[in-house]
Amino acid sequence: MSTRTRPRAHPDDDTTTYREALRAGLRDALASDDRVFLMGEDVGRYGGCFGVSLGLLEEFGPDRVRDTPLSESAFVGAGIGAALAGMRPVVEIMTVNFSLLALDQILNNAATLRHMSGGQLGVPLVIRMTTGAGRQLAAQHSHSLEGWYAHIPGLRVLAPATVDDARHMLSAALADPDPVMFFEHGSLYNAAGTLDPAVHQVDLDHAAVRREGTDVTVVAYGGCVSKALEAAEELAGEEINAEVVDLRTLRPLDDATIVGSVRRTHRAVVVDEGWRSGSLSAEIESRICEQAFFDLDAPVERVCSAEVPIPYARRLEEAALPQPAGIVAAARRVVS
């Protein structure tokens, strides 16, 4: 598969790819805590469908890197049981679309057991999966459903957009006493970046301002952050100074950072690869209006995927997804 790469000799070098940063995070977690193990389809001998776990089976052995049968409900359920028994499992589901086969386990067991047991039972489980489109994998492998999981109390939902977050979010997620959903955008795996040597851990409770600005706030997450930054560069050429906020954590949302930015810029554009109807973008727009209505100088704009199953054909896929041009157009409308 074209996404597979050989492990780097020095995964902690300053320059790395998103995939290699995730692999380094997994390696650290496995090396530092004997309770941590990785399980999922093809994570061992094949090295992961997207090459994230390549080389880890040889390094840590089959007890720590476990290939599972093709049954999402079964192996997510096994992960929940292992977490209840004191382990720290990392469960990999190939794509977010396939996670729906384990939705009963995630919603009715992992997310609820602490509440249903009166706090006696925690489920310290991390569930990783690929999300998003842009790779011509068609409708059953390309949707962005993380907003559905952000609807569920009892879960923490993460969406790393940078190599630093990809490198360090996992350790923070494993320290959480409750289940964490970890969404890796498929278009980012080959993206390269420079690791900040000063960063050794990340804050899961706060969004990050990736670019400061004064004229409009652009809120994005995951694979859309780079598109928002690209749009901000184009807007700068038109003397529109856009501030880009990377949500990082989709549940719980960091209202303070989002609303604080909007109160400075007085305008907002929310970018979400999910469908517009009932989307995470709608929740963010609602919170902005509830908390900063009188600070707004224009209605909040949303840039979302078209209300269709993600097409296979490249041009149709590109047309269905949020793109920098659409973000630029939305920003122009709110500042005009």
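The legends below describe close-up views of a predicted model.

**View 1. Confidence along the chain.** The mean pLDDT of this predicted protein is 95, and 96% of its residues reach 70 or more. Residues 1-12 stay under 50 in pLDDT. For that stretch the model has 30 contacts beyond four places in sequence.

**View 2. The segment annotated in UniProt.** An unreviewed UniProt entry carries the annotation "domain: Transketolase-like pyrimidine-binding" over residues 16-191. In the model, 37% of the chain over residues 16-191 is helix and 19% is strand. The C-alpha atoms at the two ends of this segment are 8 Å apart.

**View 3. Strand β2 and its two partners.** Strand β2 spans residues 36-40, and 5 of its 5 residues are buried, so the strand is largely enclosed by the rest of the structure. V36, L38 and G40 lie on one side of β2, with F37 and M39 on the other, and both faces are covered. Strand β4 (residues 88-95) runs parallel to β2 and is joined to it by 5 bridges. Strand β3 (residues 65-67) also pairs with β2 in the parallel sense, over 3 bridges. G40 of β2 has a bridge partner in each of these strands: E92 in β4 and D67 in β3.

**View 4. The largest nonpolar core and the surroundings of Y149.** The largest nonpolar core has 46 residues, of which V76, I127, Y149, M181, L247, I284 and I288 touch the most other members. Helix α3 (residues 72-84) supplies the largest share of this core, with 5 residues. A second, separate core holds 34 residues, including L26, L38, V43 and L195. Beyond its neighbours within four places in sequence, Y149 is in contact with V96, S99, L100, L103, I106, L155, V157, M181, F183 and R251. In soluble globular proteins, nonpolar side chains tend to be buried together.

**View 5. Helix α8.** Helix α8 covers residues 163-174, and 11 of its 12 residues are buried, so the helix is largely enclosed by the rest of the structure. Among the buried residues of α8 are D164, D165, R167 and H168, along with M169 and L170.

**View 6. An open sheet of 5 strands.** The strands follow the order β9-β11-β10-β13-β14, with mixed pairing. At the edges stand β9 (208-211) and β14 (301-305); each has a single partner strand, so one side of each is left without a neighbour in the sheet. From one strand to the next, the twist averages 25°. Within the sheet, β10 (residues 216-220) and β13 (residues 268-275) run parallel and are joined by 3 bridges. V218 has V269 as its bridge partner in β13.

**View 7. S281 in helix α11.** S281 is found in helix α11 and counts as buried, at 0% relative accessibility. Not counting residues up to four places away in sequence, S281 touches V270, D272, R302 and C304.

**View 8. L296 in the loop after α11.** L296 is found in the loop between α11 (280-292) and β14. The relative accessible area of L296 is 15%, so this residue is buried, the cut-off being under 20%. Leaving aside neighbours within four places in sequence, L296 is in contact with V262, H266, R267, I288 and C289. L296 and T17 are 279 residues apart along the chain, and their C-alpha atoms are separated by 38 Å.

How values were computed:
Residues numbered from 1 in each chain as written. Predicted model: local features only at pLDDT ≥ 70, side-chain atom pairs only at ≥ 80, totals over all residues. Heavy atoms only, no water. Core = buried A, V, L, I, M, F, W, Y, C linked by side-chain atoms within 4.5 Å. Buried < 20%, exposed > 50% of the residue type's maximum accessible area, 1.4 Å probe, protein only. Helix = DSSP H or I, 4+ residues; strand = E, 2+ residues; numbered from the N terminus. Contact = heavy atoms within 4.5 Å. pLDDT = per-residue confidence, 0-100. UniProt positions renumbered as here; feature names shortened; annotations may be inferred. Pairing = 2+ DSSP bridges. Axes fitted to C-alpha atoms, helices over the stretch in contact; angles between N-to-C directions.
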